[in-house]
Structures are given as structure tokens and as C-alpha cells.
Amino acid sequence: MGYREIVKVGDPILKKKSRKVEVFDEKLARLIEDMKETMYHFEGVGLAAVQIGVLRRVVVMDCGDGFLELVNPQIISAEGEQEAQEGCLSLPGEYGVTKRPAVVKVQAQDRTGKWHIYKGTELKARCFCHELDHLEGIIFTQKVIRKE
Ligand code: NI
């Protein structure tokens with residue numbers, strides 16, 4: 001299908017909670033492929049399904065170390081603290097500093113339903129938190145502690 005338009009702030013769907021993926025079929029694979037194309041097209045490091053208007057618990061990411069697909073992701077551990085600037089494809093031109101854990105471990109399924117564990121520090125830890133927040137209807141601006 002190709003890349004999709006990104007839902008922008010002000011659209012109420014961004015505040016909704018995404019639903020768990022129960023069926024690992026061709027439709028899920030297509031959704032992930034479309035999200036992947038959309039993320040790379042708009043040069044993001046992460047994208048949640050809700051950002052293309054789909055309320056499913058699916059995230060794609062690439063923090064410069066390869067493509068990741070996260071289905072039904074959960075944070076299983078978070079340690080330390082970091083403060084850094086964040087942005088979001090749904091809020092073009094808006095940036096702010098948030099406080100996030102320094103090290104985050106995430107458990108997630110892939111498109112076939114297989115479980116994996118991923119670890120992230122620095123940008124990747126922030127990205128895990130930012131994208132998983134999208135699945136709860138939370139936008140990073142709700143967590144901004146200061147503008148830089
Ligand atoms: Ni975002």
C-alpha cells in the first residue's frame with residue numbers, strides 16, 4: 001500500500017487507548033509494512049499504529065541500529081533517569097525535554113506472534129517509552145518538563 005498520512009495533534013484518536021493484537025495474519029503484516037514505510041518516509045525513529053489511525057498495539061522503530069517491530073509491547077524493567085529533547089511526527093515542529101528512564105527493557109511479539117526481549121539506552125530507551133505511551137493515548141507534551 002505504501003506510506004500513509006500521519007494523524008496530527010488535535011485529532012481525538014491520539015488520546016485513545018490502543019487494543020491488543022490477537023490475530024497474527026496477513027493484515028497485521030501489511031499494517032507493519034505500511035508503518036515501516038511511513039516511518040522511513042517521514043524520517044522518524046518510531047511510529048505507533050494510532051499515528052496512522054489504527055488503534056492496535058503495534059509500534060515500529062529504528063534508532064539507527066536496525067528496524068524493530070513491536071506487537072503488544074510491554075516495559076518489563078526500567079532503570080535510572082535521563083533528560084533529553086523529544087519530538088513526534090504527530091506534532092511537527094514541537095520539541096521539549098522529558099524525563100525518561102536511562103535503560104529500558106521491553107518484551108514484545110513480532111508479526112508471527114513470537115516473543116522477544118529488547119534493551120534500549122539513550123535514544124532507544126526514550127523511543128520505547130515515547131511509542132509505548134502512544135498506545136495509552138499519551139502524547140510526549142504531557143511529560144515535558146522544560147523547553148530548550
Ligand atoms: Ni510520537
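Two strands count as paired if DSSP finds at least two bridges between them. The exercises below apply this to a predicted model.

**Exercise 1. The open sheet**

Work out in which order the strands of the five-stranded sheet stand, and which strands form its edges.

Solution.
- Step 1. Trace the pairings. The order is 1-2-3-6-7, and the sheet is open.
- Step 2. Check the sense. The pairing is antiparallel.
- Step 3. Find the edges. Strand 1 and strand 7 (115–121) each have a single partner strand, so one side of each has no neighbour in the sheet.
- Step 4. Add the twist. Neighbouring strands are turned by 40° against each other on average, direction ignored.
- Step 5. Look at one pair. Strand 6 and strand 7 pair in the antiparallel sense over seven bridges. Val103 stands opposite Thr121 of strand 7.

**Exercise 2. Helices against the sheet**

Determine which strands each helix meets, and at what angle it runs to one of them.

Solution.
- Step 1. Take helix 1. Helix 1 lies across strand 1, strand 2 and strand 3. Its angle to strand 2 is about 40°.
- Step 2. Take helix 2. Helix 2 packs on the sheet and touches strand 1, strand 2, strand 3, strand 6 and strand 7. The direction of helix 2 makes about 125° with that of strand 7.

**Exercise 3. Strands 4, 5 and 8**

Establish how strand 5 pairs with strand 4 and with strand 8. Then decide whether strand 5 is largely enclosed or open.

Solution.
- Step 1. Strand 4 and strand 5 pair in the antiparallel sense, over five bridges. Gln82 has Arg100 of strand 5 as its bridge partner.
- Step 2. Strand 5 and strand 8 also pair in the antiparallel sense. Two bridges join them. Val97 has Arg146 of strand 8 as its bridge partner.
- Step 3. Count buried residues. Four of the five residues of strand 5 are buried, so the rest of the structure largely encloses this strand.

**Exercise 4. The nickel site**

Name the protein donors of the nickel ion and place two of them, Cys88 and His130, in the chain.

Solution.
- Step 1. List the donors. They are Cys88 (SG), His130 (NE2) and His134 (NE2), at 2.1 to 2.2 Å from the ion.
- Step 2. Write the spacing. In sequence it reads C-x41-H-x3-H.
- Step 3. Place the pair. Cys88 sits in the loop between strand 4 (82–86) and strand 5 (96–100). His130 belongs to helix 2 (residues 122–135). The two are 42 residues apart, and the pair links distant parts of the chain.
- Step 4. Check exposure. Cys88 and His130 are both buried.

**Exercise 5. Nonpolar cores**

Identify the residues with the most contacts inside the largest nonpolar core, and the element that gives the most to it.

Solution.
- Step 1. The largest core has 24 residues. Met61, Leu70 and Phe128 have the most contacts inside it.
- Step 2. Strand 2, strand 3 (68–79), strand 6 (103–109) and helix 2 each give two or more residues. Helix 2 gives the most, with five.
- Step 3. Follow Met61. Beyond four places away in sequence, its contacts include Met39, Val45, Leu70, Cys127 and Phe128.
- Step 4. Look for another core. One of 13 residues lies apart from the largest, and includes Ile6, Leu31, Leu47 and Val71.

**Exercise 6. Salt bridges**

Find the salt-bridge partners of Glu136, and say how exposed each of the three residues is.

Solution.
- Step 1. Start from the total. The structure holds twelve salt bridges.
- Step 2. Lys17 meets Glu136 at 3.6 Å, N to O. Lys17 lies in the segment before helix 1 (26–41), 119 residues from Glu136.
- Step 3. Arg57 meets Glu136 at 2.4 Å, N to O. Glu136 lies in the loop between helix 2 and strand 8, and Arg57 in the loop between strand 1 (46–48) and strand 2 (58–61), so the bridge ties together parts 79 residues apart in sequence.
- Step 4. Apply the cut-offs: buried is under 20% relative accessible area, exposed over 50%. Lys17, at 57%, is exposed. Glu136, at 32%, is partly exposed. Arg57, at 14%, is buried.

**Exercise 7. A further bridge**

Locate the two partners of the salt bridge between Glu94 and Lys147.

Solution.
- Step 1. The closest N and O atoms of Glu94 and Lys147 are 3.6 Å apart.
- Step 2. Glu94 is in the loop between strand 4 and strand 5, and Lys147 in the segment after strand 8. They are 53 residues apart.
- Step 3. Glu94 is partly exposed at 31%, while Lys147 is exposed at 54%.
- Step 4. Note a network as well. Salt bridges with shared partners join Glu86, Arg100, Asp133 and Lys143.

Conventions:
Residues numbered from 1 in each chain as written. Predicted model: local features only at pLDDT ≥ 70, side-chain atom pairs only at ≥ 80, totals over all residues. Heavy atoms only, no water. Donors = N, O, S within 2.8 Å, 3.2 Å for Na, K, Ca; no water. Buried < 20%, exposed > 50% of the residue type's maximum accessible area, 1.4 Å probe, protein only. Salt bridge = Lys/Arg side-chain N within 4 Å of Asp/Glu carboxyl O. Core = buried A, V, L, I, M, F, W, Y, C linked by side-chain atoms within 4.5 Å. Contact = heavy atoms within 4.5 Å. Axes fitted to C-alpha atoms, helices over the stretch in contact; angles between N-to-C directions.
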